[in-house]
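Reader: Please take me closely through the enclosed empty space in this model, and then through one strand that deserves a careful description.

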Amino acid sequence: MVQAVNDGLKSIMREDDSVLVLGEDVGPKGGVFLATEGLTSEFGEDRCFDTPLSEDGIIGVGVGLAMNGMKPVCEIQFQDFIFPAFDQIVSEAAKMRYRSGGQYTVPMVIRTPYGGGIRGGLYHSQSGEAYFAHTAGLKVVVPSTPYDAKGLLISSILDPDPVIFLEPKALYRAFREDIPEGMYTVDLSTTRDVLPGDDAVIFCYGAMVPVATEAARRIKESRNKDARVVDLRTLMPLDEDAVLQAARDCGRIVIVQEAPRFCGYGSELSAMIAEHAVEYLEAPIKRVTGFDTPFPNTLENYYLPDARRVTDAVEEVLDF
Amino acid sequence: MVSPVAWSFDSLSFGMSEALQIIDPSGKKVGSAPRLKKEALLAMYRAMVRTRAFDDRCMKLQRTGKIGFSVPNKGIEATSVGAAAALDITTDWVAPHYRDFGIPIFHGVQSVEMMDNMFGNVDDSAVGRQMPVHFSFDRPLKYLSISSPLGTQIPQAVGVAMAMKRQKELGICLTTFGDGSTNTLGFHSGMNFAGVYGAPVVFLCQNNGWAISCPVEKQTASEGFAVKGEAYGIPGVTVDGNDVLAVYRVVSEAIKRARAGEGPTLIEAVTFRMGGHSTSDDPSKYVDPQEFVEWEGRCPIRRFRAYLTSEGKMAEEEADAIKVEAEAEMMAAAKEAEAKPVPSLDTIFTDVYAEVPPHLHAQSDFAIGHYSSRGEGVNEKGEFPL
């Protein structure tokens with residue numbers, strides 16, 4: 001997936017010279033995960049440049065670049081380090097169009113690796129999507145495949161509004177997939193059915209997509225039941241119609257997120273389904289999530305939802 | 001070798017305690033005045049008087065309950081107008097804080113447009129979404145939307161300026177902020193990025209003595225604020241912020257440096273906030289009344305008037321007429337803005353994104369249905385104002 005991100009950046013930078021990449025170590029080194037490898041050598045230092053170690057500066061400067069005709073792609077090295085820039089994201093980028101009546105806008109993408117699975121402990125593992133999905137004016141996108149990573153990234157860069165682009169670092173080198181060369185897009189605010197089925201539905205995104213998919217395979221094997229797996233892909237604005245249709249089709253619902261449970265993204269999804277499709281439900285909605293603790297290091301495999309926990313949850317909703 | 005454009009910065013070196021002054025508080029010329037035509041000087045004077053009149057009218061509107069809030073600008077007029085006069089608005093942008101009414105006023109933003117923001121009415125460029133004094137203008141000058149969180153505009157100014165440089169434009173970005181904002185993350189990251197990339201930015205710190213109730217000595221242990229540039233490799237200069245010609249000269253030099261590719265400058269304009277932080281603040285709790293008396297004696301408008309009349313650039317009667325006209329102008333602008341309707345209810349939901357997404361359509365439909373069925377959110381003709 002990390003190569004798909006790199007390819008996406010190169011493809012759009014070749015087409016549109018207002019696209020700039022900035023962040024810590026994104027230049028000659030190519031980023032700590034090599035997502036920006038080769039950009040400085042191909043496009044020069046004024047298109048892809050290293051910044052001081054200052055997240056507030058990266059995003060604040062990005063907002064200014066975006067307001068004056070550029071399409072900045074800012075990298076925050078780990079999502080855990082984004083909080084010094086929270087003010088610039090939440091108070092500035094998200095609200096600029098609104099508070100200026102459209103006079104000033106921020107077509108900016110903030111790319112950042114998120115989530116666990118690499119033994120990163122407290123500060124290289126967190127999943128902060130709920131903070132951003134809660135903020136009006138931001139779009140929140142989470143790919144789970146190389147194909148989607150490239151297509152959604154290009155769509156995000158072309159989007160007129162600020163996008164938080166969360167890259168599941170656990171999937172950066174998890175599997176290979178052939179993807180088209182050059183420019184292509186995947187529409188924001190669309191979901192993807194990973195597996196068909198109407199006995200139950202698992203809603204998931206990012207690094208939980210392969211986990212949910214594996215659980216659905218096990219259920220098929222053990223119970224001969226078909227659990228639909230829906231990759232949400234864009235968390236805000238969500239394709240609510242697609243989510244509600246899947247909920248109505250299946251009636252038994254499991255939501256998987258690696259972020260903590262309380263006020264997590266799954267809470268909103270659960271409330272939305274309860275409000276709009278309760279008459280279709282055959283069982284209580286079940287959430288499989290990280291725990292309401294900081295993210296542990298040595299014991300991270302017990303913190304993160306895995307296929308066994310998701311399989312158990314699907315069995316519970318099937319047996320209700 | 002001394003560069004010809006940088007002379008004033010060599011003479012005004014880091015940590016200097018004496019601020020550059022051209023006109024002393026009595027109006028006497030004590031420094032070398034910039035060569036400005038009479039019309040330009042009068043335009044500056046008129047803008048200062050109009051700024052005071054706008055400020056005074058807003059204070060009265062708040063005291064009589066017609067608007068919710070304002071921030072006093074009395075005493076700051078020379079800093080705002082001196083800086084504004086140095087800009088070329090065909091290329092330059094401003095990333096302002098909220099206490100700089102003089103900049104849009106000098107550059108021809110209509111007083112009624114500013115009053116529209118004070119009332120948050122249908123013509124407010126911020127569409128009634130912000131508190132008063134949070135202006136946003138994109139003509140005749142690029143005057144970026146003002147935020148309440150402090151210092152956030154500073155790194156944005158650097159980004160705006162970096163984009164100008166990349167597009168080979170000659171523009172610069174002026175960013176203004178108060179003394180308190182020098183403690184924010186935005187100040188430090190903005191200064192640092194500007195230094196590293198040599199961005200064409202002018203940082204104007206309006207040292208008005210107070211961050212709400214907190215005096216300068218509780219804000220910083222450094223000797224003034226100009227010295228803070230040094231750590232970022234940015235020259236810092238101090239100027240008498242109540243001397244409009246000195247501010248004009250220093251900001252002009254900084255702009256010339258930025259345009260010539262010589263990088264950013266930090267300017268500290270020493271002035272005094274002749275009132276509270278805002279209409280919600282009572283400065284008598286923390287400002288010694290003697291301080292107001294002392295600074296009244298350094299009034300930027302009286303000083304410039306004395307200078308202009310003694311130099312034969314303006315007659316006393318002309319000065320009196322400017323004041324009367326300005327007060328009448330602001331009264332009329334307030335009346336006009338007050339008479340306009342509020343924005344329609346759907347504007348709660350627009351401009352969140354470029355296109356209104358389905359969930360906001362649904363919430364908008366709900367709000368309109370809910371309130372219009374009760375006769376609320378409708379105009380005086382009984383129509384829903386969409």
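Author: Three cavities of 30 Å³ or more turn up when the whole structure is searched, a cavity being a set of points on a 1 Å grid over the protein atoms alone where a 1.4 Å probe fits but cannot get out. The model is predicted, with local features needing pLDDT of at least 70 and side-chain atom pairs pLDDT 80 or more, while totals for chains, interfaces and linings use all residues. Residues are numbered from 1 along each chain as written, chains are lettered from A and ligands numbered from 1 in written order, and side-chain values use heavy atoms, without hydrogens and water.

The largest cavity holds about 40 Å³ of space, the volume being that filled by probe spheres set on its points, which are joined across faces, edges and corners. Its lining (an atom within 4 Å of a point) consists of B:Pro96, B:His97, B:Tyr98, B:Ser147, B:Pro149, B:Leu150, B:Thr152 and B:Gln153.

In chain A, strand 1 (a DSSP run of E, at least two residues, numbered from the N terminus) spans residues 19-23, and five of its five residues are buried, that is, under 20% relative accessible area with a 1.4 Å probe and protein chains only. This cover extends to both faces, with A:Val19, A:Val21 and A:Gly23 buried on one side and A:Leu20 and A:Leu22 buried on the other. Strand 1 of chain A pairs (at least two DSSP bridges) in the parallel sense with strand 3 of chain A, residues 71-75, over five bridges, and three bridges join strand 1 to strand 2 of chain A, residues 48-50, also running parallel. A:Val21 takes part in both pairings, with A:Val73 as its bridge partner in strand 3 and A:Cys48 as its bridge partner in strand 2.

Technical notes. Buried means under 20% relative accessible area, exposed over 50%, partly exposed in between (1.4 Å probe, protein chains only). Helices (H or I, at least four residues) and strands (E, at least two) are DSSP runs, numbered from the N terminus. On a 1 Å grid over the protein atoms alone, a cavity is a set of points where a 1.4 Å probe fits but cannot get out, and a pocket is an open set with protein on both sides within 12 Å along at least five of seven lines; lining residues have an atom within 4 Å of a point.
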